[in-house]
Amino acid sequence: MDTIFALSSGAPPAAIAVLRISGPQAGNALEKLAGRLPSPRRATLAVLRDPDGAELDRALVLWFPGPATATGEDLAELHLHGGRAVVNAVERSLGAVAGLRRAEAGEFTRRAFANGRIDLAEAEGLADLLASETEMQRRVALAMAGGHFSRQVDDWRHRVLMLSAELEAALDFDDEDDVADLPADFPIRVGDIADDLRAWLERPRSEMLREGYKVALGGPPNAGKSTLFNAIVESEAAITSAIPGTTRDVLERSVAIEGVAFTFLDTAGLRDAPDDAIEGEGVERARRALESADLVLWLGPEGDGPAGAWEIAAKSDLAVGKRDGAFAVSALTGAGVPALKHALVAAARTALPPVGQAVLNARQFGLISDAYSALTTGHVDPLLMAESLRQARVAFDRLTGRASTEDMLDTLFGRFCIGK
Ligand SMILES: Nc1nc2c(ncn2[C@@H]2O[C@H](COP(=O)(O)OP(=O)(O)OP(=O)(O)O)[C@@H](O)[C@H]2O)c(=O)[nH]1
Ligand SMILES: [K+]
Ligand SMILES: [Mg+2]
């Protein structure tokens with residue numbers, strides 16, 4: 001097993017740069033640079049020297065003997081002065097120690113997983129935590145990284161395992177030529193687990209957190225969609241003009257409002273007889289975008305928008321289309337825009353997971369669905385039921401990584417930066 005090292009803090013220059021070393025040679029490497037091995041788990045001031053004895057830096061060093069460490073291996077940390085040349089020089093000296101090499105992306109975390117320090121669901125949560133950009137993403141990722149979901153999966157797995165064991169016992173006990181019956185309370189107990197799974201399947205999904213709450217602006221040409229879009233995303237992203245049919249492609253902008261992630265879509269004006277084939281294609285794309293959105297802001301005639309759309313009375317400064325039940329906004333003066341944004345945040349929050357609640361990503365959703373299908377087949381034959389229970393257990397094992405493929409691990413750990 002190689003010993004790996006990498007810069008685990010941000011890019012220099014910075015006040016401090018943290019280099020991590022993990023693996024069987026970590027202690028040896030630290031001793032070579034610092035002259036001696038400090039007491040475990042105590043920050044110690046040390047002069048680091050290269051193999052020729054020349055001073056590299058004066059640094060805080062930490063020594064964590066394995067296996068009770070973040071990676072499950074011997075681990076050392078060097079807190080250096082965060083200059084590019086300092087980091088380069090120390091990395092050069094580490095590279096010269098036999099058995100040491102630079103870490104690949106996510107390799108520290110992968111070792112933590114391989115050594116059972118974290119499970120797969122926690123690793124996924126960690127990846128999301130590092131990638132999180134909004135307050136809401138951070139909180140959900142933290143809940144996943146904290147093992148809440150993993151504990152839940154372990155509970156399901158344990159319950160299914162108990163049922164399997166009881167079933168095996170019942171099958172063994174039975175006469176060879178007699179047909180065994182399911183224990184009486186079985187359907188109820190299997191159903192209880194299935195109900196739990198369904199509750200998780202009904203939760204909002206993590207893609208929604210990552211991509212944000214999707215809001216599309218729709219309506220006839222010149223309704224003021226692009227101008228309102230620009231006002232909401234606070235940039236001149238879309239071209240606006242007095243010419244109907246200005247917007248052709250669907251334009252996307254992701255922004256966070258009050259800590260909630262949104263993706264806004266500006267679309268071509270809908271009309272039945274477009275000027276040309278290009279506008280016609282634009283109208284097609286607009287219709288698809290409106291269908292795909294979580295919410296549509298409709299800037300057209302009352303009742304003409306898609307079901308569930310919010311009616312927007314745009315250009316309120318002109319006092320043309322004022323009407324009840326519609327948001328009056330003027331993208332030109334800004335009137336009504338803050339109120340609209342506020343209402344959007346409230347709507348997004350109800351559609352997004354509550355604070356601190358863990359959510360499923362696409363992979364987890366698929367596996368929970370598999371387990372759910374296996375447990376809702378309604379088998380009364382004990383042998384078939386035993387097989388269903390086994391299938392559910394396989395899905396649970398894949399969730400926490402008890403059973404996982406190399407491909408999947410490569411994909412997951414490749415998401416991390418080097419040094420994590
Ligand atoms: N007075 C006033 N004019 C506005 C307002 N919003 C947009 N306009 C004008 O309305 C015209 C059309 O605006 P756009 O934002 O291009 O309208 P659109 O719905 O995106 O149009 P298409 O992309 O062609 O479908 C432009 O001349 C804008 O300046 C507003 O709030 N008040
Ligand atoms: K226009
Ligand atoms: Mg437009």
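What follows is a conversation about how some features of this predicted model come by their descriptions.

Visitor: How many helices and strands does the chain have, and what share of the residues is buried?

Guide: The chain has 14 helices and twelve strands, and buried residues make up 40% of its 420 residues. Among contacts between residues at least 6 apart in sequence, 61% join residues that are at least 24 apart.

Visitor: Why are helix 4 and helix 5 called roughly antiparallel?

Guide: Helix 4, residues 120-131, and helix 5, residues 135-145, pack at an angle of about 160° with their axes 7 Å apart. Angles over 145 degrees count as roughly antiparallel, and the two helices are therefore described in that way. Their crossing is left-handed.

Visitor: What makes the contact between helix 4 and helix 5, and how is it composed by class?

Guide: Helix 4 contributes A121, E122, E124, G125, L126, D128 and L129, while helix 5 contributes Q137, R138, A141, L142, M144 and A145. By class, this contact has seven nonpolar, two polar and four charged residues.

Visitor: Which residues of helix 5 are buried, and what follows that helix?

Guide: In helix 5 the buried residues are M136, Q137, V140, A141, A143, M144 and A145, which means that each has 20 or more other C-beta atoms within 10 Å of its own. After helix 5 comes G147, with a positive phi near 90°.

Visitor: How do you know that helix 12 and helix 13 are roughly antiparallel?

Guide: Helix 12, residues 362-375, packs with helix 13, residues 382-400, at an angle of about 165°, and the axes are 8 Å apart. Set against the cut-off of over 145 degrees, this angle therefore makes the pair roughly antiparallel. The crossing of helix 12 and helix 13 is left-handed. The contact is made by Q364, L367, D370, A371, A374 and L375 on the side of helix 12, and by S388, Q391, A392, A395, F396, R398 and L399 on the side of helix 13; by class it has eight nonpolar, three polar and two charged residues.

Visitor: Why does R41 count as exposed, whereas E258 is called partly exposed?

Guide: R41 has 11 C-beta neighbours inside 10 Å, and a residue with 12 or fewer counts as exposed, so R41 is placed in that class. E258 has 15 other C-beta atoms within 10 Å, and because a count between the limits of 12 and 20 is called partly exposed, E258 is described so.

Visitor: What is the phi of R41 and of E258, and where are these residues found?

Guide: R41, although not a glycine, has a positive phi of about 55°, and it is found in the loop between helix 1 (26-34) and strand 3 (44-49). E258, also a residue other than glycine, has a positive phi near 50° and is found in the loop between strand 8 (251-257) and strand 9 (260-266). Most residues other than glycine have a negative phi.

Visitor: Which residues are joined by cis peptide bonds?

Guide: One such bond joins P12 and P13, with omega about 0°, and P13 lies in the loop between strand 1 (3-7) and strand 2 (16-22). Another joins G66 and P67, with omega about 5°, and P67 lies in the loop between strand 4 (55-64) and strand 5 (75-81).

Visitor: What surrounds ligand 1?

Guide: Ligand 1 is surrounded by 23 residues, of which the closest are G224, S226, T227, T247 and G269. By class, this shell has nine nonpolar, eleven polar and three charged residues.

Methods: Residues are numbered from 1 along each chain as its sequence is written. Chains are lettered from A and ligands numbered from 1 in the order in which they are written. This is a predicted model: local features need pLDDT of at least 70, side-chain atom pairs count only at pLDDT 80 or more; totals for chains, interfaces and linings use all residues. Axes are lines fitted to C-alpha atoms, for helices over the stretch in contact, and angles run from 0 to 180 degrees between N-to-C directions. Helices (H or I, at least four residues) and strands (E, at least two) are DSSP runs, numbered from the N terminus. Angles under 35 degrees count as roughly parallel, over 145 as roughly antiparallel, 65 to 115 as roughly perpendicular and the rest as oblique. A crossing is left-handed if the near helix is turned anticlockwise from the far one by less than a right angle, and right-handed if clockwise. Two residues are in contact if their C-beta atoms, placed from the backbone, lie within 7 Å. Ala, Val, Leu, Ile, Met, Phe, Trp, Tyr, Cys and Pro count as nonpolar, Asp, Glu, Lys and Arg as charged, and the others, Gly among them, as polar. A residue is near a molecule or strand if its C-beta atom, placed from the backbone, lies within 6 Å of it.
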